[in-house]
Every structure is written in structure tokens, then in C-alpha cells.
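Q: I'm new to reading protein models and would like to take a close look at one part of this one. Could you pick a salt bridge and walk me outward from there?

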Amino acid sequence: MADSVRNVRYSYVMVPNRAGTGAAGLARLREAGVDLVAYSGFPASGGKSQIDLVTDDLAGLRRAAKARGWRLSAVKKGFLVQGEDRTGAVHRHLQKLAAKRISVVAADAVAAGKGRYGMILWVKAKDYVRAARALGAR
């Protein structure tokens, strides 16, 4: 089975870098019925963390964020890759971008169990259309 690569949209929120902040935010999203396609959190500067919230339900995310008092970023774009886990699975996609001289801003990949893997990756906005073509994103 071939890997699937799809265009995704997301927003991020900056939150205090304290234990439990991410869990509390995810609880609010769950209560609001916002289904996440991907989630990535990491420390930023000034005692803050950035939480990327990738979803097909941006309107629901905006409503939940407003109720929570979050300031969401502008909507951004990325790619979600899913497929059969095998040696070199991630490399294939990164190599396609490298061949087109497209730099990857960030990427996170994980084995999902049952022989599957997933990867979320980001490129600069100016390279997005070329990257989508190179990856065969839909």
C-alpha cells in the first residue's frame, strides 16, 4: 500500500511552560468535540511553550480557543504523511523535498503500531506549493 500525503492546516497557541498545561488544553478541546489530526508541543522562549493543533475542524478549534481565552496564530499549512512502517519510510519523502531543494522547517515521525507510521512536516510558506507537488499531496 502506498503512503498517503495530505495537506493539513493548523494553528498554534503559546501557553505557559508548566506541568499540566497541555493536558488541560487537550481536555478543553475534547470537551468541545475538536478532533485533532496531530498535536505537537515544544518549549519556546520566555517560559512559554508552543502547541501546534492540527485539525480538519478549524471553526471548532477557534470556538474552543475563544472560550478558553487562547490567542490562536493565523492558520498555517503542513503535510501529514501516513503509511506502512518500513525501513526508510520517512527518508523517501524527505529525499523528494531535498531533490527539489526544498528545506524542511520541522518534522515529527512516529511508528503508530500494527505496521503503520505517521509524520507531520512543515516547509516555509513560499515553498508550500512546490512541496505539495513534490510529495504528491492531496
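A: Happy to! Let's begin with Asp56 and Arg6, whose side chains meet in a salt bridge, with 2.6 Å from N to O. Keep in mind as you look that this is a predicted model. Asp56 sits in the loop between β3 (48-55) and α2 (58-68), while Arg6 belongs to strand β1 (residues 4-16), so the pair ties together parts that are 50 residues apart in sequence. Is Asp56 buried or exposed? Its relative accessible area is 56%, and because anything over 50% counts as exposed, Asp56 is exposed. As a general point, side chains of opposite charge can pair when their charged atoms come close.

Now follow the strand that holds Arg6. Seven bridges join β1 to β3, and these two strands run antiparallel. If you would like one pair to find on screen, take Val13, whose bridge partner in β3 is Ile51. Strand β3 also has a partner in strand β2 (residues 36-43): seven bridges join them, again in an antiparallel arrangement. Here you can look for Ala38, which stands opposite Val54 in β3. The hairpin of β2 and β3 has four residues between the strands, and Gly46 takes a positive phi near 65° there. As for cover, seven of the eight residues of β3 are buried, so β3 is mostly covered.

Back in strand β1, pause at Ser11. With a relative accessibility of 3%, Ser11 counts as buried, because the cut-off is under 20%. The side chain of Ser11 reaches the backbone oxygen of Ser73 at 3.3 Å. What else is Ser11 in contact with, leaving aside its neighbours within four places in sequence? The list includes Ile51, Asp52 and Leu53, along with Leu61, Leu72, Ala74 and Val75.

Next, let's turn to the nonpolar side chains. In soluble globular proteins, nonpolar side chains tend to be buried together. The largest nonpolar core in this model has 16 residues, and Phe79, Leu97, Leu121 and Val123 touch the most other members. At least two residues of this core come from each of β4 (76-84), α3 (89-99), β6 (116-123) and α4 (128-135). The largest share, five residues, is supplied by α4. Val123 makes a good place to zoom in: not counting residues up to four places away in sequence, Val123 touches Phe79, Leu97, Ile102, Ser103, Val104, Val105, Tyr128 and Ala131. Apart from this core lies another, of 11 residues, among them Val13, Val15, Leu58 and Trp70. You have met Val13 already, as the bridge partner of Ile51.

Finally, back to charges. How many salt bridges does the structure hold? There are six salt bridges. Two of them involve Asp127: its side chain meets that of Lys126 at 3.3 Å, N to O, and that of Arg130 at 3.5 Å, N to O. Asp127 is buried, with a relative accessible area of 6%. Lys126, by contrast, is exposed at 66% relative accessibility, and Arg130 is partly exposed, with a relative accessible area of 36%. Elsewhere, salt bridges that share partners join Asp3, Arg86 and Arg92 into one network.

Technical notes: Residues are numbered from 1 along each chain as its sequence is written. This is a predicted model: local features need pLDDT of at least 70, side-chain atom pairs count only at pLDDT 80 or more; totals for chains, interfaces and linings use all residues. Side-chain values use heavy atoms; hydrogens and water are left out. A nonpolar core is a set of buried Ala, Val, Leu, Ile, Met, Phe, Trp, Tyr and Cys residues joined through side-chain atoms within 4.5 Å. Buried means under 20% relative accessible area, exposed over 50%, partly exposed in between (1.4 Å probe, protein chains only). Contact means heavy atoms within 4.5 Å. A salt bridge is a side-chain nitrogen of Lys or Arg within 4 Å of a carboxyl oxygen of Asp or Glu. A polar contact is a pair of N or O atoms within 3.5 Å; within protein, one must be able to donate a hydrogen and the other to accept it, and residues adjacent in sequence count only if both atoms are side-chain atoms. Two strands pair if DSSP finds at least two bridges between them.
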